[in-house]
Amino acid sequence: MKVFVTGVGGQLGHDVMNELAKRNYEGIGSDIAPVYSGVQDGTAVTKAPYVQLDITDAEAVRKVLMEVKPDVIVHCAAWTAVDMAEDDDKVAKVRAINAGGTQNIATVAKDLDAKMVYISTDYVFNGQGTEPWQPDCKDYAPLNIYGQTKLEGELAVSSTLKKYFIVRIAWVFGKNGKNFIKTMLKVAKTHDEVRVVNDQIGTPTYTYDLARLLVDMIETDKYGYYHATNEGGYISWYDFTKEIYKQAGLTTKVTPVTTEEYGLSKAARPFNSRLDKSKLVKNGFNPLPDWKDAVARYLKELDMNNL
């Protein structure tokens, strides 16, 4: 199986490439940078073929994919800077990447009869209530530009292809790139106390675990919409921070605040990021491990001195 992976300079793409190599699949990585720009840790992703690709350039996407002729495309590339996406001068670019770029890939995937995995987000929903969102729920009402453009990407895939996996995730952390855990560990070096919101509820997603699931998926034809975060129940960002510091052996005080009290975000954030993942088990996939276990494994991987 030949798999083309976009966004390998990011957290998830990096881990997908390594997971493919573990299973002896042929992985070809791509990103916007001229050469691979992620963690240079000697793992498979740094040794695999790499193609520079601007997914907003439809001609370039067609040329590259028609040359590679992958059996599967795992589309991890996206604009993910949620607050910056709200800037008037950025909206068109965000849409070109998250919606237009995804359409470019889906169009060629159809011509190749390739499977496609599209990574989406809980931000496609309105973030209200307390009930977990179901993967096949169509009550979309994104709160911000990021969520709206990721939804447009979902619709591009589902309206173009039959052989697709749309996988929504939340609260992502991985070795390659920036994330909440790294930020909190950095803050703890210079602050005795941190304020963290306790009224936004969801579950973290470790990209190492998610990559395993995605490769499990592409080995099947069980297409459709899925939710995939780590197990272990729903928590707040406050709960998440407390556990991070506990496992890292830090004594930094964590003070819970409401989203309104915190007040720093330009983009509206969902209060309810609960994603129902039961469809994974129903379709024969192994769920991701408990998030506390994921944090423990992740902290062992991190070089705390070079955050």
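## A helix across the sheet

Helix H7 covers residues 207-218. H7 lies across strands E1, E4, E5, E6 and E11. Against E6, helix H7 runs at about 160°. The model is predicted.

## The open sheet

The strands under H7 belong to an open sheet of seven strands. Their order is E3-E2-E1-E4-E5-E6-E11, and the pairing is parallel. Strand E3 (50-52) and strand E11 (224-227) stand at the edges. Each has a single partner strand, so one side of each is left without a neighbour in the sheet. On average, neighbouring strands are turned by 20° against each other, direction ignored.

One pairing can be followed residue by residue. Strand E1 (residues 2-6) pairs with strand E4 (residues 72-75) in the parallel sense, over four bridges. Within this pair, Val 3 stands opposite Val 72 of E4. In general, strands of a sheet pair through backbone hydrogen bonds.

Helix H5 (residues 145-160) also packs on the sheet. H5 touches strand E5 (115-121), strand E6 (164-169) and E11. The direction of H5 makes about 160° with that of E5.

## A helix pair: H6 and H8

Two packed helices are described by the angle between their axes and the distance between the axes. Helix H6 (residues 180-190) and helix H8 (residues 237-248) pack at an angle of about 65°. Their axes are 10 Å apart. H6 passes H8 in a right-handed crossing.

Which residues make the contact? From H6 come Phe 180, Ile 181, Met 184, Leu 185 and Ala 188. H8 supplies Trp 237, Phe 240, Thr 241, Ile 244, Tyr 245 and Ala 248.

## The whole chain

The chain has eleven helices and 15 strands. With 307 residues, a compact globule would have a radius of gyration near 19 Å. The chain has 19 Å, so the value agrees with that of a compact globule. Its C-alpha atoms fill a box of roughly 55 × 45 × 45 Å along the principal axes.

How much of the chain is buried? Buried residues make up 51% of the 307 residues. The chain exposes about 13400 Å², and carbon and sulfur atoms supply 50% of that area.

Contacts also span the sequence. Among contacts in the chain with a separation of 6 or more, 80% join residues 24 or more positions apart.

Conventions
Residues are numbered from 1 along each chain as its sequence is written. This is a predicted model: local features need pLDDT of at least 70, side-chain atom pairs count only at pLDDT 80 or more; totals for chains, interfaces and linings use all residues. Side-chain values use heavy atoms; hydrogens and water are left out. Two strands pair if DSSP finds at least two bridges between them. Helices (H or I, at least four residues) and strands (E, at least two) are DSSP runs, numbered from the N terminus. Axes are lines fitted to C-alpha atoms, for helices over the stretch in contact, and angles run from 0 to 180 degrees between N-to-C directions. Contact means heavy atoms within 4.5 Å. The radius of gyration is taken over C-alpha atoms; the globule rule is 2.2 Å times the number of residues to the power 0.38. Buried means under 20% relative accessible area, exposed over 50%, partly exposed in between (1.4 Å probe, protein chains only). Accessible areas come from the Shrake-Rupley method with a 1.4 Å probe; for residues, only the protein chains shown count as cover. A crossing is left-handed if the near helix is turned anticlockwise from the far one by less than a right angle, and right-handed if clockwise.
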